[in-house]
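Work through the exercises below with the structure in view. Each task is followed by a worked solution.

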Amino acid sequence: MPVQQTWAEKSASELYEANKFDKALKSYEATMTLGELDPYLIYNAGNAAFKSAQFPKALAYYEQAARLLPRDERIAFNLKLCRQKMTLNDSTLSFIDILR
């Protein structure tokens, strides 16, 4: 199973580097269903969602990654950027609040 995760994650990263963000996102999401969730994999899925203008999905991934790694500065920065893009500020609604 770890070999599949490594291959799938590599494939997702290659798609991301080729600016195929929608396909990269689908590949990251498929990788996340294969086993234990990796906060950096979740973060990368957030990046792919953000680049493909799926901001609510990106916000959800960044929030999940931030819960797993609360001190990671890159995750915190992208979470803040995504909230700004969605015209939210740091202390307002989360993705869950938006869905209500």
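**Exercise 1. Classify T31 as buried, partly exposed or exposed.**

Step 1. Fix the cut-offs: buried means under 20% relative accessible area, exposed over 50%, and partly exposed in between (1.4 Å probe, protein chains only). Step 2. T31 has 2% relative accessibility, so T31 counts as buried. Step 3. Place T31 in the fold: this residue lies in helix α2. Helices are DSSP runs (H or I, at least four residues), numbered from the N terminus. Step 4. Take a distance: the C-alpha atoms of T31 and A45 are separated by 9.9 Å, and the two residues are 14 apart along the chain.

**Exercise 2. Decide which parts of the model can be read in detail.**

Step 1. Note the conventions. This is a predicted model, in which local features need pLDDT of at least 70, side-chain atom pairs count only at pLDDT 80 or more, and totals for chains, interfaces and linings use all residues. Residues are numbered from 1 along each chain as its sequence is written, and side-chain values use heavy atoms, with hydrogens and water left out. Step 2. Check pLDDT, the predictor's confidence in each residue, from 0 to 100. The protein chain averages 83, and 78% of the residues score at least 70. Step 3. Find the weak stretch: residues 1–5 stay under 50. For them the model has six contacts (heavy atoms within 4.5 Å) beyond four places in sequence. Where pLDDT is low, the predicted coordinates should not be read in detail.

**Exercise 3. Describe α3 and its two ends.**

Step 1. Take its span. α3 has 13 residues and reaches 18 Å from first C-alpha to last. That is close to the 18 Å expected, taken as 1.5 Å times one less than the number of residues. Step 2. Assess burial: ten of the 13 residues are buried. Among them are P39, L41, I42, Y43 and F50. Step 3. Look at the N-terminal end. D38 caps it, with a side-chain oxygen 2.9 Å from the backbone nitrogen of Y40. Step 4. Move past the helix: just after α3, A53 takes a positive phi of about 65°.

**Exercise 4. Which residues touch the most other members of the largest nonpolar core?**

Step 1. Define the core: buried Ala, Val, Leu, Ile, Met, Phe, Trp, Tyr and Cys residues joined through side-chain atoms within 4.5 Å. Step 2. The largest such core has 25 residues, and Y28, Y62 and C82 touch the most other members. Step 3. Trace the contributors: α1 (2–17), α2 (21–32), α3 (39–51), α4 (55–68) and α5 (73–85) each give two or more residues. Step 4. Follow Y62. Beyond four places in sequence, Y62 touches Y43, G46, N47, F50, I75, N78, L79 and C82.

**Exercise 5. How many salt bridges does the structure hold, and which residues form some of them?**

Step 1. Apply the criterion: a side-chain nitrogen of Lys or Arg within 4 Å of a carboxyl oxygen of Asp or Glu. The search finds four. Step 2. One pairs K57 with E29 (3.1 Å, N to O). This pair links helix α4 to helix α2, 28 residues apart. K57 is partly exposed, because its relative accessibility is 32%. Step 3. Another joins R83 and E63 at 3.2 Å. This pair connects helix α5 with helix α4, 20 residues apart. R83, at 13%, is buried, and E63, at 10%, is buried too. Step 4. D72 and R74 also meet, at 3.7 Å. D72 is buried at 13%, whereas R74 is partly exposed at 46%.

Note on methods: A polar contact is a pair of N or O atoms within 3.5 Å; within protein, one must be able to donate a hydrogen and the other to accept it, and residues adjacent in sequence count only if both atoms are side-chain atoms.
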